[in-house]
Amino acid sequence: MFEKLRNAFSIAAKSFGEKELKEKDVEEVLFELEIALLESDVATEVIDSLKDDLKKQLVGSTVNKDKIAEVVKQELRKSISNMFDGAGKVDILSNIQKKKEKGEPYIISFMGINGTGKTTTIAKVANFLKENKYSVVIAAADTYRAGAIEQISEHGKRLNVKVIAQNYGSDPAAVSRDAVLYAKSHKIDCILIDTAGRMQTSKNLMDQISKINKVVNPDLKLFVGDSLAGNDTVSQAREFHNYTKFDGAILTKSDADARGGAAISIVKVTSSPILYLGVGQEYKDLKSFDKDVFLESLFGPEQVAEEITKKVAEPKPEPKVEPKPEPKPEPKVEPKPEPKPEPKPVEPKVEPKVEPKVEPKVEPKVEPKVEPKVEPKVEPKVEPKVEPKVEPKVEPKVEPKPEIHQEISDEDPFAGISTKDIEKYSDIFDVPPPENDNQARKLASDIRKWISEGRPKTKKDDPKPEPKVELKTEEKEIEETKDEKTIKKRSLFGWRKK
Ligand SMILES: Nc1nc2c(ncn2[C@@H]2O[C@H](COP(=O)(O)OP(=O)(O)OP(=O)(O)O)[C@@H](O)[C@H]2O)c(=O)[nH]1
């Protein structure tokens with residue numbers, strides 16, 4: 001490949017080697033060079049740039065006839081090398097790794113006109129990433145061209161790569177966003193977005209691709225151009241770059257390209273690097289663009305250039321390497337993305353699982369355990385213990401004292417009853433002293449009845465026996481007094497002062 005461009009540079013070198021280097025001579029030779037470069041699809045502005053560089057270097061200089069060819073070659077090579085260096089480099093694998101370490105997917109969008117080999121290139125890139133152990137999901141964001149979704153889906157099946165798709169006519173930005181959500185929820189390393197092929201002159205379609213880039217904000221925007229289209233590809237690249245400011249380019253069909261001018265032109269026009277060259281129709285036919293290899297194929301010895309061309313187009317070590325990584329990553333990656341649905345059904349599954357589990361478990365367990373245990377234990381223990389102890393102690397001591405003073409009556413219920421009968425009745429029936437008027441009247445009535453019955457030693461209506469404790473207390477009081485009769489009556493009817 002690139003044979004024509006190589007011959008153009010050789011013509012220029014030989015021409016200078018045969019003449020003295022004056023401006024007029026240089027102009028004539030550069031004219032020949034210009035024709036050769038134009039035939040090799042090098043863009044006019046690129047040719048002008050190269051000519052300027054050569055003029056500055058060669059006019060007015062004295063160059064040895066034998067070395068002139070080598071000097072011109074070196075100057076051309078230096079100029080082109082500077083162009084590539086000025087465009088910078090993109091190390092995709094390193095960038096993906098960095099984002100992966102942050103827990104984020106790396107997003108690449110692909111753009112270009114119809115038929116350049118964009119869809120095939122996305123499949124090649126997916127295969128390349130899988131071989132490097134990165135998981136991939138593809139967004140079928142070309143919802144415009146009939147058959148595009150089926151085409152990319154077929155590549156997905158063959159490569160065992162999940163393809164996120166909607167219907168034709170749906171919003172490509174929405175498809176891209178779905179793919180990003182899917183990648184995030186499934187921890188996919190890389191998202192490849194296939195956009196609709198479009199002419200660079202279609203403003204609506206170019207606005208659409210700008211929308212995709214705004215919605216998902218790709219880490220890398222790649223222009224896919226057809227090497228064979230030459231200067232057309234260069235003008236496409238220029239227009240796409242104006243709209244999208246893409247970060248790099250992939251040139252397809254380089255295996256069939258004898259000119260090679262598009263690569264130099266795209267780099268010069270867009271100041272963006274060429275990342276890969278498509279060199280065939282198989283998934284493996286994607287080669288990293290190497291500036292030195294490219295320059296060597298243009299300026300190196302013919303034998304070396306032929307060898308480089310062979311290595312690039314028909315690499316020998318690949319067939320040995322490819323069969324090994326292909327079967328290994330496929331079964332591992334496949335089952336993960338395929339059985340899982342798209343991002344929408346994944347989100348609602350998480351929410352309902354968390355809520356119902358927490359609420360019902362906490363409420364029923366806490367309430368029934370606390371309430372029944374506390375209430376029954378406190379109430380029965382406090383009430384029965386306090387009440388029986390306090391009441392009997394307080395009542396007998398407190399009540400008699402106020403009653404003595406309050407219930408004094410002028411009427412003596414025992415009037416007419418002798419002290420002896422009262423004492424005898426009290427002794428026989430062990431009667432306690434009355435504590436109020438009613439008890440006194442009752443006792444007096446009982447005594448009268450007892451007298452009327454002939455003072456029996458036992459009685460059917462025996463008055464209720466009072467606690468012995470109180471009697472003992474009375475007895476103690478009696479013992480403490482000298483006048484037993486008076487004291488006893490007073491002790492029996494203590495409420496009487498007389
Ligand atoms: N020789 C060769 N053929 C290629 C290369 N890349 C793609 N092709 C072929 O180019 C043709 C078009 O490729 P597609 O991938 O369908 O093109 P596209 O750009 O996706 O087309 P749209 O979907 O219409 O935009 C297919 O036959 C591919 O096999 C390459 O690097 N070398």
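**Exercise 1. Work out whether K187 is buried or exposed, and look at its backbone.**

Step 1: K187 has a relative accessible area of 70%, so it is exposed (over 50%; buried means under 20%, partly exposed in between, with a 1.4 Å probe and protein chains only).

Step 2: Before going on, note that this is a predicted model, where local features need pLDDT of at least 70, side-chain atom pairs count only at pLDDT 80 or more, and totals for chains, interfaces and linings use all residues. Residues are numbered from 1 along each chain as its sequence is written, and side-chain values use heavy atoms, with hydrogens and water left out.

Step 3: Find K187 in the loop between α8 (172-185) and β4 (190-195). Helices (H or I, at least four residues) and strands (E, at least two) are DSSP runs, numbered from the N terminus.

Step 4: Check phi: for K187 it's near 55°, a positive value in a residue other than glycine. Most residues other than glycine have a negative phi.

**Exercise 2. Do the same for D430.**

Step 1: D430 has a phi near 50°, again positive and again not a glycine.

Step 2: Its place is the loop between α18 (419-429) and α19 (437-452).

Step 3: With 42% relative accessibility, D430 counts as partly exposed.

**Exercise 3. Check the length of α10 and find where its buried residues sit.**

Step 1: Helix α10 (residues 231-244) has 14 residues, and at 1.5 Å a residue it should span 20 Å (1.5 Å times one less than the number of residues). Its end C-alpha atoms are 20 Å apart, so that agrees.

Step 2: List the buried residues of α10: T233, V234, Q236, A237, F240, H241 and T244.

Step 3: These cover an arc of only 160° around the axis, so they lie on the same side of α10; the arc is taken over directions from the helix axis to the C-beta atoms.

Step 4: The background is that an α-helix has 3.6 residues a turn, so residues three or four places apart point the same way.

**Exercise 4. Place K287 and say whether it is buried or exposed.**

Step 1: Look in strand β8 (residues 286-288), where K287 is found.

Step 2: K287 has 12% relative accessibility, so this lysine counts as buried.

Step 3: Now take F128, 159 residues away from K287 along the chain: the two C-alpha atoms are separated by 9.6 Å.
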